[in-house]
Structure formats: structure tokens, C-alpha cells
Amino acid sequence: MVTKKKKLQPPYLAIEEVDDYGVVYNSVGEYSVIYRVQNPIEKYSSDPDGYYAYNSFVEGLIKTLGAGYCIQKHDIFAKETYRSAESGDFLQNSYFRYFDGRSYTAHSAYIILSQEKKKKGRYQYDYKSWKSFLSDVVKVKDLLEGANFSPHLLSKEDASLYLHRFFCLNFKDDVVSLSNLYATEEYLRFDDRVTKCVSLVDVDEIDTPNTIVPLHQRSINGATFSEDLFSFLDDIPAADVIVYNQSIYIPNQLAEIKRLVKKHNNHASLPSAANNVAKEDIEAVQKIVETDNKMFVYMNYTLLVSSKTPNAAFNQLESEFGKRGFRLSRSNYNQLELFLSALPGCAYRSNAEYDRLLTLNDVAGCLQYKEEAETDEVTPLKVYYTNRIGIPRCIDITGKEGAKKMTTNSNFFCLGPSGSGKSFHMNSVVRQLYEQNTDIVMVDTGHSYEGLCNYLGGRYITYSEEHPISMNPFRITKEELNVEKVNFLKSLLSVIWKGANGSVTTVEEEALSRTINAYYRFFFSPFNGYTPEERADRTRMLMLDVGTSRKQDLYSRARERNIQKKLKSIEALAIEGDAGEKDNALMKLEELRNKYGTDVEDDEIKEIVAYEIDNEEDTLRGIRVTELTFNSFFEFAMQYIPFLIETNKVEFDIQNFKFLLAKFYRGGELEKTLNEEMDTSLFDESFIVFEIDAIKDDPTLFPIVTLIIMDVFLQKMRLKHNRKALVIEEAWKAIASPMMAGYILYLYKTVRKFWGIVGVVTQEIEDIISSDIVKSAIINNSEITILLDQTKLKDRFDDIKALLGLTDTECAKIWTINNLDNREGRGAFKEVYIRRGNVGAVYGVEESPECYMAYTTEKVEKDALAQYREKYGDMQTALTHFCEDWRASKSSSIMDFAKKVLSDE
């Protein structure tokens, strides 16, 4: 039985509410405020500049405050258990339940600003010091905000709760109760938990690296990865709670300089090898202070380690610190004193003789903990991944819908070698987007989304000769006729005519544009003649021909018309008169022919132009469009394009055009492709998968069907008001040609205006390196880059790095994909790098067995699930029973269980 020998005196006098925040008074009257902060460097960001910037901030903060202040920082690492959220969706609920009960280390950080009591003895109120303190509280808050610490001054109530939590080192339970404290020279005991207090540096025996920098660098997969000097503090399995207390005391600089000079003189007065070394060390420090504008500070950095197995936790800490070149102090016999001086606002209780180390302000910053673990983003669109330690965290995958705006469009580009988990990842993403009111249209060539589509009750459309994917892209309303639609149809016709990799001339492209526009104009408003404006335009164009190669043609027409009109009587006389009359008439006729053959008046030219326009109108009145199909367009084009050729005297290979488009015309082998209406219910479907694996090698159908599917999405995009996403897997290669560049570019630039997303997914590095279209139309208009494990592409990664504009820091993150030691206690998962705008991070794709079975493309697993679906009817019930039976079977993997299901068939 432990006997209480001494009553611990309360370390605090009171907490006062001042300007909506709490001011804490310790037992000797020193006052403090507490800021809850977030460390500015995201863990695993591998940002070396960030660590040095943190160090510079600490130096600046010390210089701003000056003598008489203590800056105390608490970084708290406490074991917690993940508690799942509830969702209305079956798969999302299974996802959260999968992580329920998983242990992890939660991190929180606080900065405490304390003003030193100037005189010993009873507390005396000093108005000037108090006002200066209140002013500095605001000043420090502004500095913290400027350095991205997101500071929040604790209220009186929150400060009181924090003091209670800290005193019993309980940062997890909702209700905190103080317990008996038993102190020895080696540890403190709180009920069943033991806490050891350890100084980072032994003042009498300093054992640290010769050079101290604010970060640690190591090689991961051949790349240099940067992390905090003490990044391991959140990964000490044997510890329940670790508090890293970092107290920086700012002394009077002049007094410290004088003290150092005195010490220097003492060493110099007694010549010896040891004194000479000490004297040189002091001179080196003095030079640094003078030349680099450094300040002297005292620091007391201590670790409070709470655990039911304290020795194991302490040994793990010693080992990790040793790897970084630090040997923890072993002279920690004042356990209670170390603990009390680590309390918020009680830093000045530390012993100035043996607990405080004199150093420079940059060293104090280097040794602070600077990282913050990923947290849930503030966003209405929540797509869940796991962080690097396996806990679900939501992000705004679009980068533009959350509180933090990182992008201006939501288009993405995804690259991952075969087997890296692209399709599994995309299954997870589109499922979560769908569950948050997003219409999904997917174009796939590998049956990767059949399971999810079946679960969601979506439409799964495959191409076969018996049941081809047929549509009528020409059928639109008058309101839908716009530049976008014209560009789409022009691209479609160009593909049929020239092939996916062909190219059209400028004249051919203009002819197609005019023909398409005229086709719809003739349907919505049948042609009855030019309007006055149109007639004036045609007149101007034909009059311009007077100065061109058509001049002789117009003169010839004018001569003939004048002769016929003005000389009709003379011609008659020349034919019917007597010999003298005939000769005389023929002479006059020749004179007039010569005259009108060389000299034609402007009004006569205008008369001929009007005659030409009359003929054009007669031709166009004979063209009618009574329905909107490819058949009617083909018939229209066969009449209208020759008219364009004739009236504009341009070159257009109409016979070649007719020959190649005829297969899609009435009676042709591909007539159904462009003439039959697609099921109109597709417009209302929220999840559609077009599986076109059967035609992926057809150079004609593949690009055409892909284009038509994209047009289906465009109609959704324009007319529906919710979020829309088009995801194109390997099928995008069929349309990535120079001919399609303009259309694809237009699609990518337009979709953002209609709350839309376009994404392409590929596995071949050559696809992005060799194609200018990919670069100019797709990559340059995709502000979201998704990369999976790039190890297989390492020899070619420099090309990817240059193309995507990746920095060395981003590359360092990418090479950590699937390469961290973070698999213990977790199921199977793969990691993915996502860059939104300029912000990139690596996340885990770890799903529940129910989600996995909904996504799987493994034939054995799909066949086994099909048996359950046949037995239980619907997909959800089948998934539930399959996963329950798998867990009960104790099979090592789902694949093994699936094989057993099939073998028992």
C-alpha cells in the first residue's frame, strides 16, 4: 500500500476571462495564454523548405517577443480508437465499419505564451507589464496566423479542461477525473499508468549531432525524402501518451553576453588544453551571434511518456532518438519537477541550473516538432481515402468545392502501370461521387466496372454485332444547336471520312461546318429564298469575283445577255433581210459584239450577279430536310456540298466523301449505328457504363462510338443541374488525334462551366509522351493528376516528370507510394498520389471486403459472387452473405474462399 507522504500544492491560482480568451495564473502569479495550433507542415509532405521556414519563424518569434517571455509548445501524441461514422449507403457503411476499432495515434499541438515574474516574493500587479502582455498576445496570434499555424486562443472553459487533461495525461476520454499521483526518482504513477519524464539533452553531458538541422532526410526508392527530425514520435507502439514539451526561455541578451565574456576570460586566464578548447568554442559562438544576428535562449525540452509498459516505450524512444544522433538524458531523478515544469504556464518552475540548456535561437527551432497529420478537409464533397497510417480521411477530390480552393477545373488525368490498381481506385472514386448526387458516364474496354454498375442498378451497355451501340447524334432541338454540337458532328464526320488519325484541310473543315449549319437551318426553317441581308452578302461576294479569275466568265455572261437583249432585232434582220440589209446588219452586229465583249458597265455586272443569285435560290429551294438522322444528313450533304463547290469554286473530294460515308447510310452495313435512337431513359440514368471492348481494335467503329458516347455526356452536362463526371479509360486513345484536338479541347474547357468532370485513365507511358494532343488538350486542361505506383516506369519517369511539371518534392512523395513501413494491423491496400493544382499528397485505397467484391475484376471471385446473387437475388444481400461466410470460413484470402465456393458447386 502506498502512503501519501506529501500533499501536492495546486500549481495554479486561477483562470481569468479576458477578451474572450482565458488567462492562466500559476501559483506564483505568472500569467499565460494558450493557443491551440496546427503545425504548418503536413506530415509526409517531404518539403525541405517548409522545415527551414518553420525554423525561421521560431527565430523571428523569439526576436519579436524579447526578454522576459517563455514560449512553451506541447505536441501531444495519444493513442485513440477510430469510431465509424454512419452513412445511408450499404457500401459506405461497410467501409466505415471496416475501420471501426482500429487503433491510431492522434496528434494535437498547443503553444503557451508565459510572461516571467520580474521579482521573487509575493505577486504584485504591474499595469505596464500587463498591458504589454495583452498586446503581445495579439501580436503572437497574428504571427502564428501568418505562418499557417491556424491559432485559436482557448477560452476560460477550454483552458481549464486542457489543464485538467494535461495534469492526468488523459487526452482521450470525454470525462476527465484527477487521480492520485505517486512520484519517485524514476517515474510518476497515475493509477495503473506509469509516466516517465525525460530531458532531451543532459545539460552536464550534451550528446547531440555536431550539426543540427530542422529536418531528417532518408532515401526511399532512390529518392530523397524529407521529414521532421523527430517524425517518429507518433509511432511508438508501447506508449499510450507522449507529450513533447518544448520550452524556450528568452533571457536579457546583454546580460548573457557579459556572462559569456566573463566565462571566456576565466578560461583564457588559466592556460590548458581544455581551457583553450572552451575559449575557442565561446569565441565561435560570439562570432555567430555577431555576424548572423542570433540570440541566446535557454531551452528545456522534455518528453513525458505515459504507458502501462513504460520501459518498452522508453527503450523504443531511446532507439529512435539514437538513430538521429541524440542520446536522451539519464539524469532524470527530479521526475515531479520535470512534470510540473511541463504543465501549461508553469515552465518557469524548471530548475535554471540543471534543466535549462543555453543555446542559440535557431537550434531551439530545429529541435521542435513541426508536422501535422492529415485531417478531414472542410468540403461538401467528401471522397474518403486512408491517410498513411490507415485511418479514413475525406478530401475534396475536385479541389474546387471545398473551403480551400486548389483548382479552377475538376478534370483529371490518371496514369498507372498494369497491376497498380487504377480500376480499383476509380471504382472507389466513382462510387463515392455517385452517392453524392453525381451522374456518372464511363467508357471502358476491360469490364472493370460491371460489378459496381450491377450493385448500383445502373445501365451496363456493351457492343455486339447483334446489339450494336446505336444512336442518333443528329437529332437535337433548335435550342441545342450551338458551336459545341457543330464541332462534335464535324469531328464525327471527319473520323468516318479520314479515319481517327487523318486530317482535314481548312477548306474541308469549313465546308463541313457550313453543311452542318445549313442542314439544321433547312430543317428548322425550310429555305424559301435569301433574306435581304443574305442576298446583300451574296451580292458583295459575287461582285468581288469581278477582280478575280471569274471576271472573264462574268463578262462572257454579260456579253451574251446584252446581245440577246439589245441586238435581237438586228440579228433577226441579219437573218431575214435582203442581201444589202444582211451585210449592213452583220457589220453592226460585229461592232456591237466587239463593244460588249470588251466593255461591260457596272450595272450590267450587277444584273448578271442578280441572275446568278436567282439561280442559287432555285437550287436551294429544291433541297428539303424532313427528319434529323444520318440518312437525311447524307442526302442533304450530297446536294449541298456540290452547290458549295460550284458557287465557291473550291476543291472538295465529294466522291471520296460519299464513298466512305455510304456504309452508315440506308442499306449500308453500319446503318443502325447513326440512325437509331438510343434509349431516351439514358438521360435520366445516373450511372452508365459503356463497355466497348468488342470493338476496341476496330479502327472505324471504335473512335466513332466513343465520340457518340461523349456526346451523350455533353447533353447531360448541358441540361442536368447536378454534378456530372465522364471517365474514359483506355478508350480515350481512339480520339486523341490531331483531327479531334479541337473538339477534345473544347470539351475539356467547357465542362467546368456546367459542374462537370472529365477524366482519362491510362497505363502506357507512351500514350502521354508521344501524343501532342494528350499534352495540349488533356494534360494542360486537367488540374488534377493521379499517379499510382510508378516503380515499373522508373527508367522513363524523367519524361513524365517533365511533362507533368513535377517538382523534386512532389517526386519524393510519389516514390513513397507503397514503400513506407505502414502495413502492420491493416488489410490489403495500395496507395495513390493525387495532385490538385499545386498541392500533392499520397493516400491509401483500402476498402472493406464488401466494397472489394463489388469492384473485383477477378473471374473466380466474380463467378463465386454470382452464385450468391443467384441464391439471394439482389446484389447487396449477396455481398452481405458472401463476406459473412468468408469471415466465418477463416480462409486466408477472398480468392481462396471464392475457389472453395466454386469447388463446392
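# Exercises on helix packing, cores and loops

Helices α22 and α23 are roughly parallel to each other. The exercises below concern a predicted model, and the first one begins with this pair.

## Exercise 1. The pair α22 and α23

Determine how α22 and α23 are oriented, and list the residues that make their contact.

*Solution.*

Step 1. The description of the pair requires two quantities: two packed helices are described by the angle between their axes and the distance between the axes.

Step 2. For α22 and α23 the angle is about 25°, and the axes lie 12 Å apart.

Step 3. Angles under 35 degrees count as roughly parallel, and α22 and α23 are therefore roughly parallel to each other. Their crossing is left-handed.

Step 4. On the α22 side, the contact is formed by Leu707, Met710, Asp711, Phe713, Leu714, Met717 and Arg718. From α23 come Tyr743, Tyr746, Leu747, Thr750 and Val751.

Step 5. Sorted by class, the contact of α22 with α23 comprises nine nonpolar, one polar and two charged residues.

## Exercise 2. Two partners of α12

Characterise the packing of α12 against α13 and against α23.

*Solution.*

Step 1. Helix α12 spans residues 483–498 and helix α13 spans residues 506–524. They pack at an angle of about 125°, and 10 Å separates their axes.

Step 2. Roughly perpendicular covers 65 to 115 degrees and roughly antiparallel begins over 145; α12 and α13 are therefore oblique to each other. The crossing of this pair is right-handed.

Step 3. Helix α12 contributes Val486, Leu489, Lys490, Leu493, Ser494, Trp497 and Lys498 to the contact. Facing them from α13 are Glu508, Glu509, Leu512, Ser513, Ile516, Asn517 and Tyr520. The contact of α12 with α13 divides into seven nonpolar, three polar and four charged residues.

Step 4. The other partner, α23, covers residues 741–751. Its axis and that of α12 come within 10 Å and cross at roughly 145°. The crossing of α12 and α23 is left-handed.

Step 5. Here α12 uses Glu484, Asn487, Phe488 and Ser491, while α23 uses Tyr743, Tyr746 and Thr750. By class, the contact of α12 with α23 holds three nonpolar, three polar and one charged residues.

## Exercise 3. The nonpolar cores

Identify the members of the largest nonpolar core that touch the most other members, and the helix that gives the most to this core.

*Solution.*

Step 1. A general tendency provides the background: in soluble globular proteins, nonpolar side chains tend to be buried together.

Step 2. The largest nonpolar core has 107 residues, and Phe630, Phe657, Phe690 and Ile692 touch the most other members.

Step 3. Helix α22, residues 701–719, gives the most to this core, with twelve residues.

Step 4. A second, separate core has 62 residues, including Val18, Val58, Ile242 and Phe326.

Step 5. To see the surroundings of one member, consider Phe657. Neighbours within four places in sequence aside, Phe657 is in contact with Trp497, Leu512, Ala637, Met638, Ile641 and Phe652. Trp497 and Leu512 also take part in the contact of α12 with α13.

## Exercise 4. Positive phi in two loops

Ser46 and His447 each have a positive phi; locate both residues and decide whether each is buried, partly exposed or exposed.

*Solution.*

Step 1. Most residues other than glycine have a negative phi.

Step 2. Ser46, which is not a glycine, has a phi of about 50°. Ser46 is placed in the loop between β4 and α1. With a relative accessible area of 2%, under the 20% cut-off, Ser46 is buried.

Step 3. His447, also not a glycine, has a phi of about 55°. Its loop runs between β20 and α11. At 32% relative accessibility, His447 counts as partly exposed.

## Exercise 5. Burial at three positions

Which of Tyr125, Ala238 and Lys258 are buried and which are exposed?

*Solution.*

Step 1. Tyr125 is found in the loop between β6 and α3. Its relative accessible area is 52%, so Tyr125 is exposed. Tyr125 and Gly29 are 96 residues apart in sequence, and their C-alpha atoms are 9.1 Å apart.

Step 2. Ala238 sits in the loop between β12 and β13. With a relative accessible area of 14%, Ala238 is buried. Beyond its neighbours within four places in sequence, Ala238 is in contact with Ser307, Thr309, Ala312, Ala313 and Gln316.

Step 3. Lys258 belongs to helix α5, residues 253–269. At 54% relative accessibility, Lys258 counts as exposed.

Notes:
Residues numbered from 1 in each chain as written. Predicted model: local features only at pLDDT ≥ 70, side-chain atom pairs only at ≥ 80, totals over all residues. Heavy atoms only, no water. Core = buried A, V, L, I, M, F, W, Y, C linked by side-chain atoms within 4.5 Å. Buried < 20%, exposed > 50% of the residue type's maximum accessible area, 1.4 Å probe, protein only. Helix = DSSP H or I, 4+ residues; strand = E, 2+ residues; numbered from the N terminus. Contact = heavy atoms within 4.5 Å. Axes fitted to C-alpha atoms, helices over the stretch in contact; angles between N-to-C directions. Left-handed = near helix turned anticlockwise from the far one by under 90°. Nonpolar A, V, L, I, M, F, W, Y, C, P; charged D, E, K, R; others polar.
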